[in-house]
Amino acid sequence: MKIFLDTANIELIQKWAHTGLIDGVTTNPTLLSKEDGNPTVAILTICEMLPLGVISVEVTEKEPEAVYMQARKIAAFSHNIAVKIPCHPHYYTVIKKLIEEGITINITLVFSLTQGLMMAKLGAHYISPFVGRLDDIGSNGIELIHHLRHMLDWNGFETELLAASIRDTTHFEKVIMAGADIATLPVPVFEQSLNHQLTDKGMEQFAQDWKKLNISRFP
Ligand code: G3P
């Protein structure tokens, strides 16, 4: 299973990029708006930091033809870009054309099984269902991940299931168990996922017990 960081913060990506745990980064207009500086420079920097990772960058244009042109320009930033396009009927034709041209596409704002199926049929490389936002409206984000997993497997689609809008470690654990190919994690969730209070407690206990031996060299 792959782990992406869901952030546009260069310092935080830098902190974790070389650990071998990070397979990519997802950005969106909201995440980019939270950072200082020019978004193009930020995206180029992120692409260089993770040359083997997949960096998702979302279109900001609205009209299909403008989306098409912008997607091509975004894809030209770097070999490791996936262009994010919202799962909206306006863009089906554009998405198909871009995929046929060899541009890696991540379909974002996926909220239903049928949307996922349609995008997999188009050959999207990634579909991004938003778990937390479904929970926000009283729906069940994790159930959608399970359903999309079955749909992709039953049909033999190669589209990767990218679980997004992950709000906490419980969400993360549930999308692992639901068979997501990728989870994109806000950095605090990623960092919490590395920790457990019993690990800290156990280390403290071992250190204290070892001291009782009162030996200065080991081995
Ligand atoms: O990857 C999508 C993510 O950034 C959206 O998360 O918490 O705004 O629903 P959230």
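Helices here are DSSP runs of at least four residues and strands are runs of at least two, both numbered from the N terminus. Counted that way, the chain has 11 helices and eight strands. Keep in mind that this is a predicted model.

**The chain as a whole**

Let's start with the overall picture. Along the principal axes, the C-alpha atoms fill a box of roughly 75 × 40 × 30 Å. The chain runs to 219 residues, and 44% of them are buried.

**Around the ligand**

Now for the part you'll probably want to click on. The space that the ligand takes up is the largest pocket. Which residues surround the ligand? They are Asp 6, Asn 28, Leu 31, Phe 130, Arg 133, Ala 164, Ser 165, Arg 167 and Thr 184. Sorted by class, that shell is an even mix: three nonpolar, three polar and three charged residues.

Some of these neighbours put a polar side-chain atom close to a ligand oxygen, as listed here.

| Side chain | Distance to an oxygen atom of the ligand |
|---|---|
| Asp 6 | 2.8 Å |
| Asn 28 | 3.1 Å |
| Arg 167 | 2.8 Å |

How much of the ligand does the protein cover? On its own, the ligand has 310 Å² of accessible area, and the protein covers 81% of that.

**Thr 184, one of the shell residues**

Thr 184 is worth a look, since it is part of the ligand's surroundings and also has polar partners within the protein. This residue sits in strand β8, which spans residues 182-185. Is Thr 184 buried or exposed? Its relative accessibility is 1%, and the cut-off for buried is under 20%, so Thr 184 counts as buried.

What does the Thr 184 side chain reach? One partner is the backbone nitrogen of Asp 6, at 3.4 Å. Another is Thr 26, whose side chain is joined to that of Thr 184 by a polar contact of 2.5 Å. Asp 6 therefore turns up twice: the Thr 184 side chain reaches its backbone nitrogen, while an N or O atom in the Asp 6 side chain is 2.8 Å from a ligand oxygen.

**Ser 78, in a loop**

Finally, a residue from a loop. Ser 78 is found between α4 (64-75) and β4 (81-86). With a relative accessible area of 17%, Ser 78 falls under the 20% limit and so is buried. Which side chain does Ser 78 contact? Its own side chain makes a polar contact of 2.4 Å with the side chain of Asn 80.

Conventions: Residues are numbered from 1 along each chain as its sequence is written. This is a predicted model: local features need pLDDT of at least 70, side-chain atom pairs count only at pLDDT 80 or more; totals for chains, interfaces and linings use all residues. Side-chain values use heavy atoms; hydrogens and water are left out. A residue is near a molecule or strand if one of its heavy atoms lies within 4 Å of it. A polar contact is a pair of N or O atoms within 3.5 Å; within protein, one must be able to donate a hydrogen and the other to accept it, and residues adjacent in sequence count only if both atoms are side-chain atoms. Accessible areas come from the Shrake-Rupley method with a 1.4 Å probe; for residues, only the protein chains shown count as cover. On a 1 Å grid over the protein atoms alone, a cavity is a set of points where a 1.4 Å probe fits but cannot get out, and a pocket is an open set with protein on both sides within 12 Å along at least five of seven lines; lining residues have an atom within 4 Å of a point. A molecule sits in a cavity or pocket if more than half of its atoms lie within 2 Å of its grid points. Ala, Val, Leu, Ile, Met, Phe, Trp, Tyr, Cys and Pro count as nonpolar, Asp, Glu, Lys and Arg as charged, and the others, Gly among them, as polar. Buried means under 20% relative accessible area, exposed over 50%, partly exposed in between (1.4 Å probe, protein chains only).
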